[in-house]
Amino acid sequence: MFKERANFLKGYFYHINYFFFFIFISFFIIEILVIKNSLNSEIVYHENFAKNLLILHDHEFSEDSKKTNRDKKYMTSALGKGIEKGSLEVRKLNRWVGLYIDYNLFKFVYDKFNSKLLLIFYSLYFSIFVTMTLYFVNQTHILINKKNITQSNLEYTNFYLIMIIFALIFFLSIYQFYSPEISFSIKETFFISAGLFFTLKKNKLFFILIILVAPLIRESGLIISLFWFIFYRKDKISYFFPILSLIPFIAFNYDIINYFFKYGYLISFEPQAGQITWWDNKTINLNLIRIIFINYGIYLFALIILINLIKETKRLKLILLSFFYLIILLMFTTTSHYSSKFLIAPFMTLLIVDVLRSKNYLKND
């Protein structure tokens, strides 16, 4: 009886920790939006934030865009008025499903309540994704290490270390630099963490659900469909998952498939309006070194250290995924997209925590 009560209290306390983490992240996101985001070089308060999020998205679309299924009020008309040569903004055309859902959800809150509540709701909305990402990271850690240490120690001792490492990566990639990409990065990281968990748990049903939805949020969500192959390449169904993931992506974007093969969709050597690219840095200077170090150097150095400490196959595959995402981000994003590095937070957190906790975790399966 006493043991059952103790376990109940432990579980209750465990979920209280998630609640406080949720509130903690919510305040961080509000600070990012209110203090770090700027509109016409002024601090964005709740009313300006609402106008930026909703009213600017209410512009009518051009006749060209109305030929597609993008005649919804979910993003600015600039995208529909003709994509300039080499503009990476063309990618946003195939993210309309997630943007459309967000837009209608935020507009409902704004219409029913007010701009102050919209700012709070926006923060809470994305805090749910961040907190659920932490949850799946912790559950993946438990899944990987359940043979090595007790369930109690896994859930209640390692959780704090996981939370601290995860929060540091959040601070490094998202909090320091505001970018509109944070909404995509936060949601995609959630799908990555959930996809990784269901892969290692070998839950095909939920994994399929993840890979069907993730590409509709951002095209790089297609990468998640490769997780099963990376961990279970002998499983024949792993070859089917990438094809399955492509089906909804193409079905919702069949009318703009021609854009996928145009210059600027994946990579561009042209200057990008309002963004800093590698091509804008024509000389090696301290600013370029700082950008490279914060964007890639920190993660690369950490992975090099980890690969020398880790021998166990499953964790080596986590390192492989981290390197893969870093290469993708290096090749296909601008230098101003610091928040995109949040995508590797699940892998980095799991690896760093395991190494810090005990070298006993590194035994071969």
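## Salt bridges

This predicted model holds 7 salt bridges. Side chains of opposite charge can pair when their charged atoms come close.

One of these salt bridges joins the side chains of Arg218 and Glu188, with 2.6 Å from N to O. Arg218 lies in the loop between α8 (204-217) and α9 (227-231), while Glu188 belongs to helix α7 (residues 182-200). The two residues are 30 apart, and their pairing links distant parts of the chain. Arg218 and Glu188 are both buried.

## A network around Arg315

Which residues are linked with Arg315 in a network of salt bridges? They are Glu312 and Asp354. The side chains of Glu312 and Arg315 meet at 2.6 Å, N to O, and both residues are buried.

The salt bridge between Arg315 and Asp354 also has an N to O distance of 2.6 Å. This pair links distant parts of the chain, 39 residues apart: Arg315 is in helix α12 (residues 313-332) and Asp354 is in helix α13 (residues 345-357). Asp354, like Arg315, is buried.

## Nonpolar cores

The largest nonpolar core has 77 residues, of which Ile224, Phe227, Tyr325 and Phe347 touch the most other members. Helix α4 (residues 115-145) gives this core its largest share, 12 residues. A second, separate core has 5 residues, including Leu93, Ile256, Tyr259 and Phe260.

Leaving aside residues up to four places away in sequence, Tyr325 touches Ile192, Ile223, Ile224, Phe227, Leu343, Ile344 and Phe347.

## The whole protein

The protein contains 13 helices and 2 strands. Of its 365 residues, 52% are buried. The accessible surface is about 18500 Å², and carbon and sulfur atoms account for 67% of that area.

Definitions and conventions
Residues numbered from 1 in each chain as written. Predicted model: local features only at pLDDT ≥ 70, side-chain atom pairs only at ≥ 80, totals over all residues. Heavy atoms only, no water. Helix = DSSP H or I, 4+ residues; strand = E, 2+ residues; numbered from the N terminus. Buried < 20%, exposed > 50% of the residue type's maximum accessible area, 1.4 Å probe, protein only. Areas by Shrake-Rupley, 256 points an atom, 1.4 Å probe, with all protein chains shown as cover. Core = buried A, V, L, I, M, F, W, Y, C linked by side-chain atoms within 4.5 Å. Contact = heavy atoms within 4.5 Å. Salt bridge = Lys/Arg side-chain N within 4 Å of Asp/Glu carboxyl O.
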